[in-house]
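Visitor: I am new to this structure and would like to be walked through it slowly. Could you show it to me, and then take my questions one after another?

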Amino acid sequence: MPIAKVYSAAVLGLNAQPIEVEVDLSGGLHAFHIVGLPDLAVNEARERVSSALKNSGFTPPIHSKRRVIVNLAPADLKKQGPAYDLPIAAAFLLASNQLRTGNFEDKILVGELSLEGRIRPINGVLSICLMAKEKGFKTLLVPQQNAVEAALVENLEIIPVQSLVQAVKHLNGEEIIERQPITEINHFYHSENFWDMAYIKGQEHVKRALEIAASGGHNILMTGPAGAGKTLLARAFVSILPPLNKEEAIEVTKIFSVAGFLLKNQGLISTRPFRSPHHTASTASLVGGGPYPKPGEITLAHRGVLFLDELPEFNRDVLESLRQPLEDGLINISRAAGALTFPAQFTLIGAMNPCPCGKLSEQNEECLCSAGQISKYQRKISGPLLDRIDLHLEVPKVEYEELTDEKKSEPSAAIKQRVKRAREIQRQRFNKNDIFLNSQMNLKHIKKYCRIDSQSRELLKIAMRQMNLSARSYHRLLKLSRTIADLAKEDNIQPNHIAEAIQYRPKHET
Ligand SMILES: Nc1ncnc2c1ncn2[C@@H]1O[C@H](COP(=O)(O)OP(=O)(O)O)[C@@H](O)[C@H]1O
Ligand SMILES: [Mg+2]
């Protein structure tokens, strides 16, 4: 059989598509070529596959004394990474009659080969399995370390393989590998390593604001002197978020898998992501990109939290790149071969000191920064970005008495219950719309769900004038009020909800 074909898969963005791997053996001088837009790693498959074949006891291409052409189709799609090693090896073995012919029409093979013939894990296996199921494939040979992830998808036969020899014996029917059992959805990856609000003393007004942010998915900025507990509070935020539901968990797991951040033998991720990129982060690492676009921090934070500590220290262009995703909940990445979209629905938590030295506060006079330095520092964050933040919080230092108070604060679990309930109200409200949080409302939703009485209107009118609010701020105020009303289990937004929301606007609008 001089021409053999097996199926593999390519991951593009977060989704996969089938790839045909054809091997053609013909007469003439020995050669070994891979065609069909391979990248460097795919091209290097020739070396890995040759060594792996030789070290596994098979006749490698060089000894076949034939011209070996590997064709990866469709040809117009760039192939990337080492995942084609296993299918290339299998197709070569088929073509050179070293593997019994069988049914390869309903199988997908993926895996990187080591030089000794062991199979290494790859990225994006969950996306590949979801595609396989949709396209009617029945069986997948995947690296053993990816098998738990792969078996999250039901109704597929997942065969975990550790070595090329083992894969061939299985395909030949000599030594059958047992299929991977379905990964129970409760085989969740639990990481409860977050700070609990119970250990954070005082700061009740900040905790209240974090509860509102968690309930409606609103963005928040904390400003306060160094050591006030801003980082601590942000890290505790995840502990008051309800876990991901199954659909969200699959979405998040796909993202982490494609980015190569899934741990070995990890099942579904159920905890909401918390990403805190350093302030030296580049635009590409934040929003994603590259020749084979990888998700950036904002996509890794999808359905969770993006925490930007020391906000003014970030490069201004990097911060500006957040404007569009904050508005749309997704990021478009343009590439030579067309645009690609990654989801990016996250809650932004920013933290900043009030001045460059971080000591500026109302009580003490330690700060030596000049008025000019202070205003320059605060202006590093542009108006349009500030405009997309609903909750602006001053975080003062806690007093000694409060810090040493033995009394525990309310634990995160109790706050989480209220957040859950408020989210449930929103889910029911939006069950005919394709959103589920108040912060996602568009103008039409606002008109329908944020009706207010004349007293509230009057309040808003005064605030608009005094604080010189933009139209965007006005709509954001209404959405925030809706969340505050939901937390109070009120059907209608009341003036006191509006009043609280206004309180969270920055003192000086830019
Ligand atoms: N409210 C608080 N309750 C308990 N410990 C606190 C509190 N605020 C600050 N701390 C202590 O101070 C340390 C510094 O807090 P941090 O969150 O890093 O401050 P910031 O980010 O505002 O500079 C924390 O690790 C914690 O030990
Ligand atoms: Mg800090």
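Guide: Before we begin, two strands are said to pair if DSSP finds at least two bridges between them. Please also keep in mind that this is a predicted model.

Visitor: With that in mind, how many bridges join strand 2 to strand 4?

Guide: Strand 2 covers residues 15-26 and runs antiparallel to strand 4. Within this pairing, Glu22 stands opposite Asn71 of strand 4. The number of bridges that join strand 2 to strand 4 is seven.

Visitor: Strand 3 is joined to strand 4 as well, so to speak; which residue of strand 4 is the bridge partner of Ala31?

Guide: Strand 3, residues 31-35, runs parallel to strand 4, and five bridges join them. In strand 4, the bridge partner of Ala31 is Arg67.

Visitor: Which residues make up the covered face of strand 4?

Guide: Strand 4 spans residues 67-73 and has two faces, one of them uncovered, with Arg67, Ile69, Asn71 and Ala73. Arg67 of this uncovered face is the bridge partner of Ala31, while Asn71 stands opposite Glu22. The covered face consists of Val68, Val70 and Leu72.

Visitor: How many residues of helix 4 are buried?

Guide: Helix 4 runs over residues 85-95 and is mostly covered, with Asp85, Pro87 and Phe92 among its buried residues. After the helix comes Asn97, whose phi is positive, near 60 degrees. Of the eleven residues of helix 4, the number that are buried is eleven.

Visitor: Moving on to the open sheet, which strands are at its edges?

Guide: The sheet has five strands with parallel pairing, in the order 11-14-17-10-18. An edge strand here pairs on one side only, and this holds for residues 274-275 and for residues 391-394, which are strand 11 and strand 18.

Visitor: Which residue of strand 18 is the bridge partner of Thr223?

Guide: Strand 10, residues 220-223, runs parallel to strand 18, and four bridges join the two. In strand 18, the partner of Thr223 is Glu394.

Visitor: At about what angle does helix 9 run to strand 17?

Guide: Two helices can be placed against these strands, and helix 8, residues 204-216, lies across strand 10, strand 17 and strand 18, at about 165 degrees to strand 18. Helix 9, residues 230-237, lies across strand 10, strand 14 and strand 17, and its angle to strand 17 is about 170 degrees.

Visitor: Which element gives the largest share of the shell around ligand 1?

Guide: Around ligand 1 there are 14 residues, of which Lys201, Gly229, Lys230, Thr231 and Leu232 come nearest. By class, the shell has six nonpolar, six polar and two charged residues. Its largest share, three residues, comes from helix 9.

Visitor: Which element gives the largest share of the side of domain 2 that touches domain 3?

Guide: The domain assignment places domain 2 at 197-412 and domain 3 at 441-510, and eleven residues of domain 2 are in contact with 14 residues of domain 3. Helix 8, helix 16 and strand 18 each give two or more residues to the domain 2 side. The largest share, four residues, comes from helix 8.

Visitor: Finally, does Arg472 count as buried or exposed?

Guide: Arg472 lies in helix 21, residues 471-487. A residue is exposed if 12 or fewer other C-beta atoms lie within 10 Å of its own. Because Arg472 has 12 C-beta neighbours inside 10 Å, it counts as exposed.

Notes. Residues numbered from 1 in each chain as written. Chains lettered and ligands numbered in written order. Predicted model: local features only at pLDDT ≥ 70, side-chain atom pairs only at ≥ 80, totals over all residues. Contact = placed C-beta atoms within 7 Å. Axes fitted to C-alpha atoms, helices over the stretch in contact; angles between N-to-C directions. Near = placed C-beta within 6 Å. Nonpolar A, V, L, I, M, F, W, Y, C, P; charged D, E, K, R; others polar. Domains from an automatic or database assignment. Buried ≥ 20, exposed ≤ 12 C-beta atoms within 10 Å, placed from the backbone.
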